[in-house]
Amino acid sequence: MKKLIIILSLIVISCGSDDNINSNCNFLFDAGVNLTVNTNLPQFNQLQFNGNGVYVANQGNNGVWLWRLNSSTLYAWDAADPSHAPAACSTLTDSGTGDIVVCGCDDANQYSLSTGVGLDGNTQPCTLQPYRVDDLGNGQYLVSN
């Protein structure tokens, strides 16, 4: 009986510590996204080439960032900084440097569109919220959640 109590106590303690680490990474809501992307259209043309990104407004929490990693991989990330409560400054914008997007708030959090991971200096250990990307063929993709 004592062993069972000890084991259950350890499980509760370990689960509780994980919740505290990422407790501030729950700012984004599960926004419905259903976006068809056609890379043959001018607004998505850059996604035909590796290492290019396109921002799409009016999707997700604060828009969606699409990133062409390589010829077979297209990523879609919510464009809201997951380390902040929604605010005018929390939309991630192009930093002008590679795959890096930056938050407009005072802490200027930066994230990689290639990995979704926050870069040095972020205030929280949050990662970008991903969306599902299905290849429909002929340069068309369905972005959804």
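In this predicted model, Asp134 sits at a relative accessible area of 24%, so it counts as partly exposed. Asp134 is also half of a salt bridge: its partner is Arg132, and the closest N and O atoms are 3.0 Å apart. That is the one salt bridge the structure holds. Arg132 comes out as exposed, with a relative accessible area of 54%. As general background, side chains of opposite charge can pair when their charged atoms come close.

The strand around this pair is worth a look. Strand β8 covers residues 130–137 and runs antiparallel to strand β4 (residues 73–78), with two bridges joining them. One residue involved is Trp77, whose bridge partner in β8 is Pro130. On to β9: five bridges join it to β8, again in an antiparallel arrangement. Asp134 turns up here too, with Leu142 as its bridge partner in β9. The β8 and β9 strands form a hairpin with two residues between them, and Asn138 in the turn has a positive phi of about 55°.

Positive phi values crop up elsewhere as well. In general, most residues other than glycine have a negative phi. Asn58 goes the other way, with a positive phi of about 60° although it is not a glycine. Asn58 lies in the loop between β2 and β3 and is exposed, at 77% relative accessible area. Ala108, likewise not a glycine, has a positive phi of about 50°. The loop between β6 (100–103) and β7 (110–112) is where Ala108 is found, and with a relative accessible area of 34% this residue is partly exposed.

Just past β9 (140–144), in the segment that follows, comes Asn145. Its relative accessible area of 48% makes Asn145 partly exposed, since exposed would need over 50%. In sequence Asn145 and Asp30 are 115 residues apart, yet their C-alpha atoms are 8.2 Å apart in space. The two side chains make a polar contact at 3.0 Å. The Asn145 side chain also reaches the backbone oxygen of Ala31, at 2.6 Å. Neighbours within four places in sequence aside, the residues in contact with Asn145 are Asp30, Ala31, Gly32, Val33 and Tyr131.

Next come the cysteines. The count of disulfides is two. Cys25 and Cys126 form one of them, with sulfur atoms 2.0 Å apart. The torsion about this S-S bond is about -90°, so the Cys25–Cys126 disulfide is left-handed. The bond links distant parts of the chain, 101 residues apart: Cys25 is in the loop between α1 (2–21) and β1 (34–38), while Cys126 is in the loop between β7 and β8. Cys126 is buried, with a relative accessible area of 4%.

Cys89 and Cys105 form a disulfide too, their sulfur atoms 1.9 Å apart. Here the torsion is about 80°, so the Cys89–Cys105 bond is right-handed. This pair also links distant parts of the chain, 16 residues apart, with Cys89 in the loop between β4 and β5 (92–94) and Cys105 in the loop between β6 and β7. Cys89 is partly exposed at 28% relative accessibility, whereas Cys105 is buried at 11%. Counting bonded cysteines along the chain, the pattern reads 1-4, 2-3.

Then there is Cys103. The closest cysteine sulfur to its own is that of Cys105, at 3.5 Å, which is too far for a bond because the cut-off is 2.5 Å. Cys103 is buried, with a relative accessible area of 3%.

Finally, the aromatic residues. The count of aromatic pairs is two. In the Tyr55–Trp65 pair, the ring centres are 5.7 Å apart and the planes stand at 55°, so the pair is tilted. It connects distant parts of the chain, ten residues apart, with Tyr55 in strand β2 (residues 52–56) and Trp65 in strand β3 (residues 64–70). Tyr55 is partly exposed at 34% relative accessibility, while Trp65 is buried at 7%. Tyr75 and Trp77 form an aromatic pair that is tilted as well, at 5.5 Å centre to centre and 40° between the planes. Tyr75 counts as partly exposed at 27% relative accessibility, and Trp77, the residue bridged to Pro130, is buried with a relative accessible area of 7%.

Technical notes:
Residues numbered from 1 in each chain as written. Predicted model: local features only at pLDDT ≥ 70, side-chain atom pairs only at ≥ 80, totals over all residues. Heavy atoms only, no water. Helix = DSSP H or I, 4+ residues; strand = E, 2+ residues; numbered from the N terminus. Buried < 20%, exposed > 50% of the residue type's maximum accessible area, 1.4 Å probe, protein only. Contact = heavy atoms within 4.5 Å. Polar contact = N/O pair within 3.5 Å; in protein donor to acceptor, adjacent residues only side chain to side chain. Phe/Tyr/Trp six-rings, centres within 6.5 Å; stacked < 30°, edge-to-face > 60°. Salt bridge = Lys/Arg side-chain N within 4 Å of Asp/Glu carboxyl O. Pairing = 2+ DSSP bridges.
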